[in-house]
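Here's a quick briefing to read with the model open on your screen. Have a look at the structure first, then work through the notes by topic.

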Amino acid sequence: MGTRKKGVEFAKHITEIIAKSTGFESHLQKVKIVDGGDGACTAELKVDKDHVNVYKFMHGGYIMTLVDMITTYALMSKPCHPGVSVDLSVNFLNGAKLGDDVVIQANLSKVGKYLAFIDCTLKHKKDDTVIAKGTHLKYIKFE
């Protein structure tokens with residue numbers, strides 16, 4: 001479930017999870033986990049043809065997937081169950097085109113007895129222009 005690994009060790013651990021996935025998580029095979037631990041996860045992605053809509057902009061559904069998964073990895077950097085989603089919300093602020101480099105940063109805001117609150121921002125790597133901001137609420141009380 002959770003891990004206390006940080007930095008390079010955390011990135012390696014999450015990358016192995018993605019690489020071994022044969023399910024939905026395999027959609028993240030082109031995402032590079034670059035840092036994380038202690039309630040945070042940072043990833044990078046070059047927008048590829050698999051990630052865009054008919055207009056060659058990153059698909060909103062893929063952005064939602066990134067927010068969902070990268071926030072879950074941030075939560076997994078704490079010693080707790082990765083939980084199940086209660087609410088996932090994303091505001092789309094700017095587009096990302098085919099070939100753009102994107103940075104995804106997720107940070108755990110609060111962990112309570114039953115719920116975890118995680119924030120996520122997607123930005124253009126070249127100039128920090130915000131592409132999308134997301135919040136993820138997860139139920140984490142399992143016995």
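The notes below go from the sheet to the surface, then to single residues and salt bridges.

Keep in mind that this is a predicted model. At its heart for this briefing is an open sheet of 6 strands, ordered 1-2-4-5-6-3 with antiparallel pairing. Strand 1 (32–36) and strand 3 (84–92) sit at the edges with a single partner strand each, so one side of each has no neighbour in the sheet. From one strand to the next, the twist averages 20°.

**How the strands pair up**

- Strands in a sheet pair through backbone hydrogen bonds, and they can do that parallel or antiparallel.
- Strand 2 (40–46) pairs with strand 4 (residues 101–111) in the antiparallel sense, over 7 bridges.
- If you want a landmark for that pairing, Cys41 has Ala106 in strand 4 as its bridge partner.
- Strand 4 also runs antiparallel to strand 5 (residues 115–124), and 9 bridges join the two.
- Here you can look for Asn107, whose bridge partner in strand 5 is Asp119.
- The link from strand 4 to strand 5 is a hairpin through 3 residues.
- Over at strand 3, 8 bridges join it to strand 6 (residues 130–139), again running antiparallel.
- Asn91 marks that pairing, with Lys133 in strand 6 as its bridge partner.

**Helices**

- Helix 1 (residues 7–20) lies across strand 1 and strand 2, and it runs at about 145° to strand 1.
- Helix 2 spans residues 60–76 and includes Thr65.
- Is Thr65 buried or exposed? Thr65 is buried, because its relative accessible area is 13% and the cut-off for buried is under 20%.
- Setting aside neighbours within four places in sequence, Thr65 is in contact with Phe24 and Leu28.

**A nonpolar patch on the surface**

- Val84, Val86, Tyr114 and Tyr139 make a nonpolar surface patch of about 340 Å².
- Tyr114 sits in the loop between strand 4 and strand 5, and it is partly exposed at a relative accessible area of 40%.

**Backbone oddities**

- Most residues other than glycine have a negative phi.
- Lys56 goes the other way, with a positive phi of about 70° although it isn't a glycine.
- You'll find Lys56 in the loop between strand 2 and helix 2, partly exposed with a relative accessible area of 48%.
- Asp128 isn't a glycine either, yet it has a positive phi of about 65°.
- Asp128 lies in the loop between strand 5 and strand 6 and is exposed, with a relative accessible area of 52%.

**Salt bridges**

- The structure holds 6 salt bridges.
- One of them joins Asp48 to Lys30, with the closest N and O atoms 2.3 Å apart.
- That pair links distant parts of the chain, 18 residues apart: Asp48 is in the loop between strand 2 and helix 2, and Lys30 is in the loop between helix 1 and strand 1.
- Both ends are partly exposed, Asp48 at 24% relative accessible area and Lys30 at 43%.
- Another salt bridge runs between Asp101 and Lys46, with the closest N and O atoms 3.2 Å apart.
- Asp101 is in strand 4 and Lys46 is in strand 2, so this pair ties together parts 55 residues apart in sequence.
- Asp101 counts as partly exposed at 34% relative accessibility, and so does Lys46 at 48%.
- Lys49 and Asp50 also meet in a salt bridge through their side chains (3.8 Å, N to O).
- Lys49 is exposed, with a relative accessible area of 62%.
- Lys30, Asp48, Lys49 and Asp50 are linked in a network of salt bridges.

Definitions and conventions:
Residues are numbered from 1 along each chain as its sequence is written. This is a predicted model: local features need pLDDT of at least 70, side-chain atom pairs count only at pLDDT 80 or more; totals for chains, interfaces and linings use all residues. Side-chain values use heavy atoms; hydrogens and water are left out. Two strands pair if DSSP finds at least two bridges between them. Helices (H or I, at least four residues) and strands (E, at least two) are DSSP runs, numbered from the N terminus. Axes are lines fitted to C-alpha atoms, for helices over the stretch in contact, and angles run from 0 to 180 degrees between N-to-C directions. Contact means heavy atoms within 4.5 Å. Patches are made of residues with over 30% relative accessible area and no salt bridge: like charges are joined within 9 Å, nonpolar side chains (Val, Leu, Ile, Met, Phe, Trp, Tyr) within 5 Å. Accessible areas come from the Shrake-Rupley method with a 1.4 Å probe; for residues, only the protein chains shown count as cover. A salt bridge is a side-chain nitrogen of Lys or Arg within 4 Å of a carboxyl oxygen of Asp or Glu. Buried means under 20% relative accessible area, exposed over 50%, partly exposed in between (1.4 Å probe, protein chains only).
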